[in-house]
Amino acid sequence: MSYLEDIFSLEGKTAVVSGGAGAIGTVMSDALLQAGANVVVWSRTRNSLDKFVQSYSDKPELLERLLTTEVDTSDEQSVDSALDKAASHFSMPEILINGVGGNRGKKSFVDIEVEEFKDILNLNLIAGLVVPTKIFAKRWIDEAIKGSIINLTSMTSYNPLSGVWGYNAAKSATLNLTMGAANEFAEHGIRVNAIAPGFFLGKQNKALLIDEKTGEYTERGKAVINRTPFKRFGEVSELAGATVFLASKEASGFMTGVSIPIDGGYLIHNI
Ligand SMILES: NC(=O)c1ccc[n+]([C@@H]2O[C@H](COP(=O)([O-])OP(=O)(O)OC[C@H]3O[C@@H](n4cnc5c(N)ncnc54)[C@H](O)[C@@H]3O)[C@@H](O)[C@H]2O)c1
């Protein structure tokens with residue numbers, strides 16, 4: 001094996017990517033596949049999974065290492081049985097990417113709708129982190145597997161974004177739980193890290209950043225670009241390298257409890 005393969009190859013490992021058919025999940029799933037892992041993509045909808053599989057129709061060598069499963073990651077039983085399925089199809093997963101999450105609209109605090117707020121917490125925290133982490137970590141501890149978890153934090157994990165209250169609450173908690181879980185699982189050799197994407201145009205934020213009618217940046221879109229030292233939005237492909245890096249024990253085996261911003265410098269903006 002070459003030096004790069006020694007450090008970054010994920011051959012023989014199985015990875016689960018929850019929300020793996022989403023905008024960011026597809027890129028992370030693809031990165032793991034390209035690095036040699038068996039990849040199990042979880043989503044709530046068969047439709048999105050089928051679309052993802054179709055995108056590999058001309059790459060049969062990658063399709064062999066891809067399994068897709070309909071799962072509701074807010075449901076412990078659903079996650080438990082999907083984990084069994086992944087383990088019996090390939091091998092016990094050693095990598096978990098918690099890629100379920102998202103944001104909805106923007107409003108002032110006094111207009112918060114409590115049910116919607118709870119839904120966003122449920123999506124990002126319960127389905128997006130707590131349930132899969134609990135189920136995987138329990139299995140890994142029982143079976144002495146030194147697994148790696150990668151969560152999805154956000155710019156708002158560090159500094160609140162205006163008007164997205166449920167998302168702010170969920171993503172600051174995601175960073176907190178990444179550090180706390182890393183601490184608790186360290187004695188078992190289980191690592192918990194996160195990737196904090198800056199602004200990547202996707203379903204969840206497009207309407208906030210681009211005016212649908214004119215195609216121009218909204219005031220918020222302009223504010224983001226002005227605050228980003230690289231003066232552009234990110235390309236989702238720019239998340240692939242950190243995904244493989246954090247998944248690989250050989251590359252990042254002494255790292256835990258860390259959230260890596262991939263943000264064109266958004267967090268280091270100054271005046
Ligand atoms: N897009 C961005 O710019 C950005 C920036 C920072 C952080 N993030 C975070 O990255 C993660 C992925 O974001 P995205 O833009 O790819 O979102 P997305 O909506 O494109 O993908 C999320 C996927 O999760 C699936 N899903 C939702 N609930 C589920 C459940 N209960 N069980 C199983 N699957 C479920 C959805 O069907 C969807 O396919 C989120 O945590 C998001 O907050 C995104």
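# Exercises on a predicted two-domain model

Domain 1 (3–198 + 235–259) and domain 2 (201–233) both contribute residues to the shell around the ligand, so the ligand lies between them. The structure is a predicted model. The exercises below treat the ligand shell, the domains, the sheet and some single residues.

## Exercise 1. The shell around the ligand

Determine which residues come nearest to the ligand, and which element gives the largest share of the shell.

Solution.

Step 1. The ligand has 33 residues around it, and Gly19, Gly22, Ile24, Gly101 and Gly202 come nearest.

Step 2. Two or more residues of the shell are given by each of α2 (23–34), β2 (38–43) and α6.

Step 3. Helix α6 supplies the largest share, four residues.

Step 4. Sorted by class, the shell holds 12 nonpolar, 18 polar and three charged residues.

## Exercise 2. The two domains

State how far apart the C-alpha centres of domain 1 and domain 2 lie, and how many residues each domain gives to the contact.

Solution.

Step 1. The protein chain is divided into domain 1 (3–198 + 235–259) and domain 2 (201–233).

Step 2. Between the C-alpha centres of domain 1 and domain 2 there are 25 Å.

Step 3. Five residues from domain 1 and six residues from domain 2 take part in the contact.

Step 4. On the side of domain 1 that touches domain 2, one residue is nonpolar, three are polar and one is charged.

## Exercise 3. The order of the strands

Give the order of the strands in the open sheet and name its edge strands.

Solution.

Step 1. The seven strands of the open sheet follow the order β3-β2-β1-β4-β5-β6-β7, and their pairing is parallel.

Step 2. Strands β3 (66–70) and β7 (259–262) each pair on one side only, and they are the edge strands.

Step 3. On average, neighbouring strands of this sheet are turned by 20° against each other, direction ignored.

Step 4. The pairing can now be followed from strand to strand. Strands β1 and β4 run parallel and are joined by four bridges; Val17 stands opposite Ile97 in β4.

Step 5. Four bridges also join β4 to the parallel strand β5, where Ser148 is the bridge partner of Ile95.

Step 6. Five bridges connect β5 (residues 148–152) with β6 (residues 191–197), again in parallel. Here Arg191 of β6 is the bridge partner of Ser148.

## Exercise 4. The surroundings of β4 and β6

Decide whether the residues on the two faces of β4 are buried or exposed, and find the helices that lie across this strand.

Solution.

Step 1. In a regular strand, side chains alternate between the two faces of the sheet.

Step 2. In β4, Ile95 and Ile97 are on one side, Leu96 and Asn98 are on the other, and all of them are buried.

Step 3. Helix α6 (residues 114–142) lies across β1 (14–18), β4 (95–98) and β5, at about 165° to β4.

Step 4. Helix α10 (residues 240–247) lies across β1, β4, β5, β6 and β7, at about 150° to β5.

Step 5. Strand β6 may be examined likewise: seven of its seven residues are buried. Arg191, Asn193, Ile195 and Pro197 point one way, while Val192, Ala194 and Ala196 point the other way.

## Exercise 5. Three loop residues

Classify Leu161, Ala144 and Lys231 as buried, partly exposed or exposed, and say where each is placed.

Solution.

Step 1. Leu161 is in the loop between β5 and α7 (165–185). A residue counts as buried at 20 or more other C-beta atoms within 10 Å, and as exposed at 12 or fewer. Leu161 has 19 such atoms and is therefore partly exposed.

Step 2. Beyond residues up to four places away in sequence, Leu161 touches Met155, Thr156 and Asn168.

Step 3. Ala144 lies in the loop between α6 and β5. With 8 other C-beta atoms within 10 Å, Ala144 is exposed.

Step 4. Lys231 is in the loop between α9 (219–227) and α10. Lys231 is exposed because it has 10 other C-beta atoms within 10 Å.

Step 5. Most residues other than glycine have a negative phi. Ala144, although not a glycine, has a positive phi of about 50°, and the phi of Lys231 is positive too, near 55°.

Key: Residues are numbered from 1 along each chain as its sequence is written. This is a predicted model: local features need pLDDT of at least 70, side-chain atom pairs count only at pLDDT 80 or more; totals for chains, interfaces and linings use all residues. Two strands pair if DSSP finds at least two bridges between them. Axes are lines fitted to C-alpha atoms, for helices over the stretch in contact, and angles run from 0 to 180 degrees between N-to-C directions. Two residues are in contact if their C-beta atoms, placed from the backbone, lie within 7 Å. A residue is near a molecule or strand if its C-beta atom, placed from the backbone, lies within 6 Å of it. Ala, Val, Leu, Ile, Met, Phe, Trp, Tyr, Cys and Pro count as nonpolar, Asp, Glu, Lys and Arg as charged, and the others, Gly among them, as polar. Domain bounds come from an automatic or database domain assignment.
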